[in-house]
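Reader: Please take one part of this model and go through it closely, setting out what surrounds that part and how far each statement can be trusted. I would like every term to come with its cut-offs, since I mean to compare the description with my own calculations.

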Amino acid sequence: MSCQEEESPFKPDVLKGKVALITGGGSGIGFEISSQFGKHGASVAIMGRRKQVLDAAVSDLRSLGIQVTFQRGFSFLIWD
């Protein structure tokens, strides 16, 4: 899904041992963020509304060797 591959200025394992939760991680910018976090060692949890999109994203991320899980749904914040 990535348009252009560029060499990263960061170490490949800079996020090793971290978990990144990406809302909207199944497509577009969210997918690219998921991909970059995973390529730098993070385990990735993506969230989105469309199951088919999430399934495709999980397949693509796993093919890159990224540990990924997903949850269908949406997120929101509540301020008191």
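Author: What follows is a close look at strand 2, reached by way of the whole chain and followed out to its neighbours.

The model is a predicted one, in which local features need pLDDT of at least 70 and side-chain atom pairs count only at pLDDT 80 or more, while totals for chains, interfaces and linings use all residues. Residues are numbered from 1 along each chain as its sequence is written, and side-chain values use heavy atoms, with hydrogens and water left out.

The protein chain has a mean pLDDT (the predictor's confidence in each residue, from 0 to 100) of 87, and 86% of its residues reach 70 or more. Confidence is lowest in strand 3 (residues 68-72), where the mean is 89, and highest in helix 1 (residues 28-39), where it is 96. The chain holds 2 helices and 3 strands, both kinds being DSSP runs numbered from the N terminus (H or I and at least four residues for a helix, E and at least two for a strand). Followed along the sequence, these elements give the pattern β-α-β-α-β.

Strand 2 covers residues 43-48, and with strand 1 it forms a parallel pair over 5 bridges, where pairing requires that DSSP find at least two bridges between two strands. Within this pair, Val19 stands opposite Ser43, and Leu21 is set opposite Ala45. The path from strand 1 to strand 2 leads through helix 1, and this β-α-β crossover is right-handed, in the sense that, with the strands pointing away from the viewer, the path from the first strand over the helix to the second runs clockwise. Strand 2 also runs parallel to strand 3, again over 5 bridges, and here Met47 stands opposite Gln71. The chain passes from strand 2 through helix 2 to strand 3, and this β-α-β crossover, too, is right-handed.

With strand 1 and strand 3 both paired to it, how much of strand 2 is buried? The count is 5 of its 6 residues, so strand 2 is largely enclosed by the rest of the structure; buried here means under 20% relative accessible area, exposed means over 50%, and partly exposed lies in between (1.4 Å probe, protein chains only). For the protein chain as a whole, 29% of the 80 residues count as buried. Strand 1 (residues 19-23) presents two faces, a covered one with Ala20 and Ile22 and an uncovered one with Val19, Leu21 and Thr23.

The two helices that lead into and out of strand 2 can be followed through single residues. In helix 1, which contains Ser35, this residue is counted as buried because its relative accessibility is 2%. Apart from neighbours within four places in sequence, Ser35 is in contact (heavy atoms within 4.5 Å) with Leu61, Leu64 and Ile66. Lys39, also placed in helix 1, is partly exposed, with a relative accessible area of 30%.

On the other side of strand 2 along the chain, Lys51 belongs to helix 2, and its C-alpha lies 8.7 Å from that of Gln71, although 20 residues separate the two in sequence. The side chain of Lys51 meets that of Asp55 in a salt bridge at 2.9 Å, N to O, the term meaning a side-chain nitrogen of Lys or Arg within 4 Å of a carboxyl oxygen of Asp or Glu. Both residues lie in helix 2 (residues 51-63), 4 residues apart, which is about one turn of the helix. Both count as partly exposed, because the relative accessible area is 43% for Lys51 and 32% for Asp55. A search of the whole structure finds 1 salt bridge.

Two totals complete the setting of strand 2. Among contacts in the protein chain with a separation of 6 or more, 58% are between residues 24 or more positions apart. The accessible surface of the protein chain, obtained by the Shrake-Rupley method with a 1.4 Å probe, comes to about 6,000 Å², of which 56% belongs to carbon and sulfur atoms.
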